[in-house]
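User: Could you teach me how to read a sheet and a helix in a structure that is new to me?

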Amino acid sequence: MSDTSDCIEIVVEIDSELLPIIPSFLESRWSDCALIERLLETGNHDEISRLGHRLKGAGGSYGFDAITDIGIALERAAIRQDHEAVVQASVMLQNYLKRVKVVYV
Amino acid sequence: MTVLTLRKKIIAGSVALILLMGTILFLLISIEIHNRLEDEIQKRGAAIARHLADASITHILTENSVGLQLLVNSYLKNEEDLRYIFIVSNKKEVLAHTLGKTFPADLLEMPDTVVDRAKKRSTALRSEEGLIYDIPALIQRGQLGAVHIGISESTVHKSQNDVLQYLTFYLASVLFLGIIIAFWFATTITRPIAALAEGVRKVGMGELDCLIETNSQDEIGQLSAAFNAMTENLRNEVEERKQVAEELLVARDTAEAASQTKSEFLANMSHEMRTPLTAIIGGAEYLEESVLSADQSSCLDMIHQAGNNLLVLTNDLIDLARIEAGHLELLPERFNVADMMKSIIRMLSRTAQSKDLELSLSIADNLPEFLLGDQLRLQQVLVNLIGNAIKFTAEGSVQVSTTVGSIVDDVVPITFVVRDTGIGIEPGKIDKIFETFTQADTSITRQYGGSGLGLTISRRLVEAMDGHLQVESKPGVGSSFYFTLRLRLMKEDGNHDGVEKLSITDEKVSHAITRTGEGNALPLVLLVDDALENRELIRLQLKKKPIVLHEAGNGREALDMFEQNEYVLILMDIQMPIMDGYTATRLMRDLEQRTGRVKTPIVALTAHFGDADVHADIEAGFDDHIAKPFKKEVLYRCLERYMDERQDV
């Protein structure tokens, strides 16, 4: 990813009543990125698939539809044991987390 | 009965003919030989008699009776086939003879000349050894008397037998040769016929690569060649047809694959389509709470309405795609028809209320309590029909009723009727309303909205349940949609007391369910999810709802809490460590059955979207299914629905 793309913000509007849980939710996603890397090293695709499944269910429910999309891609890639696609999904998640800007409404 | 082959028939016929001809020939030859030998013996006898007559002249003239007797004896001795000789004078006095001491007087009666001159046959005498021909010869033209010799026919027979014995050998050889030729002839004729018959049999059995080998140019050869040509044509035609069939199969597979792909695409797209729609609808809902100008509010309503319409259309399209792809699977389960219908009426009552319509439900008094059927699909049809009735009715009422026919072999025919006082349908347009994307009038789409798929889906669903959706309508008066399903009666059935009339217009929704142990009157809801962030989210979303939320991190914990508390609703994740949602739900259902507890609604929370997943959820004992990610409103509606149901119980 270029620096330019990193600078582009993705604004996501989130219900203000979710304010108490959003920061920890996003922080957990950074942990997920690290976890994916560790799981890739051990080739544990089953766990990556479960992680993708969780992201798919949780992302949109929190208001982060893109995380649901990335979760779907991650789950499918892990089921196919497609190493490259898993890495790609992980990179997508990291980029999204870098660029996402939450606006509480 | 034994069936003779053509070859055997030809052989049998030829052999019979040869034997007949041989026999006739043998008889004719025998007769001819006999006649010729008889003539020969008579000629020989005549020659002997004449010779003896000449030899006896001197003895007679000299009256040398001794010499005459010696002459007679010597002749008899020298000629084996002579039986007797006697010489008589012209006065019929016996001068010499070989007949012993007593001369048979009747021999003197024998004529001295041949009787049958034409045939030169002599008189025959019968004796023990057969016929004896008496052959006379005159001596000196009869002046000195006559000589008679008796010659036996046995000589003829002996000679004849000798000749026939010789002839029989050759005749038998010829017959044998003839029979061999008959065999060869039969084989030569029948072999190509047999080959032809075998070829026809094989072709009849489908062996079209069978060719008859023949070199002959006769009729059978021509027939074989014609048969080979016919088989060749047939084989070519079959090959062509096979090729066409294979092409059709490939085309079918391609079409099915395309349809499958389309269906899978639509199913996969469901999330992608629903998510932005949810965002649009959610955004509109959020903005509705803001202070807006009249124009802005109108614009927002339009966005909200359009979003909802698009969501309905999306859901309908996915449903239809699944039905057309043959993915519709009925899932019969034991359910309470009356409860299901009340639930539907409750669901739609607010819409009816908003249009000031009376929505009523009549349940037949003899409707059994529990039946076996696909509750979800039946519910889908009824919601669609009642929803349509409300949509197309400006004023008046929508009446929903059931009637029950005679129960035979535990099968209950139930007729569901949805009657409205709406705009009705023109007679010429009634058939069109069940067609895909068709409403009776395009202006209706503009006025009332809708995808035009609802009735198509309903009709397909009713047909899948072995029913037939029908409609009667009068423009300006109203419409009646009805169908009859034959559902199997389940045990623990009971009858309702009289016709139940449920008026919805003044129904009040209340969530008051008392519970002990918590020190308050709020209902308990159990949330089961291993992901803390999911629990936190739902906890926040339900924060303002009049409930007490219990949380469990896995199925085992949930089961323990379920044993100790009574919940109005359980929201259950599927994939969890220690014990998953399926197992926990099954164990909860077992517990309810064992202890006679009231069935607690359990709703699956899962990020799986397919029909198979929904069916698996229902099979595991879930009552409903919420797909993740979900809108807050979906959660609210679910909560409201099951709290209402618990209130009824």
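Analyst: The turns below take up a sheet and then a helix.
This is a predicted model, in which local features need pLDDT of at least 70 and side-chain atom pairs count only at pLDDT 80 or more, while totals for chains, interfaces and linings use all residues. Residues are numbered from 1 along each chain as its sequence is written, and chains are lettered from A and ligands numbered from 1 in the order in which they are written.

User: In what order do the 5 strands of the open sheet in chain B lie?

Analyst: Strands of a sheet pair through backbone hydrogen bonds, either parallel or antiparallel. Strands here are DSSP runs of E, at least two residues long, numbered from the N terminus, and helices are runs of H or I of at least four; two strands pair if DSSP finds at least two bridges between them. In chain B the order is E15-E14-E16-E17-E18, with parallel pairing. The edge strands, each paired on one side only, are E15 (548-552) and E18 (624-627) of chain B.

User: How many bridges join strand E16 to strand E17 of chain B?

Analyst: There are 4 bridges between E16 (residues 569-573) and E17 (residues 602-606) of chain B, and B:Leu571 has B:Val603 as its bridge partner in E17(B).

User: Why does the length of helix H3 of chain A agree with what it should span?

Analyst: The expected span of a helix is 1.5 Å times one less than its number of residues. The 18 residues of H3(A) (residues 45-62) should therefore span 26 Å, and the end C-alpha atoms are 25 Å apart, which agrees. Of these 18 residues, 13 are buried, meaning that 20 or more other C-beta atoms, placed from the backbone, lie within 10 Å of the residue's own. Just after H3(A), A:Gly63 has a positive phi of about 110°.

Technical notes
Buried ≥ 20, exposed ≤ 12 C-beta atoms within 10 Å, placed from the backbone.
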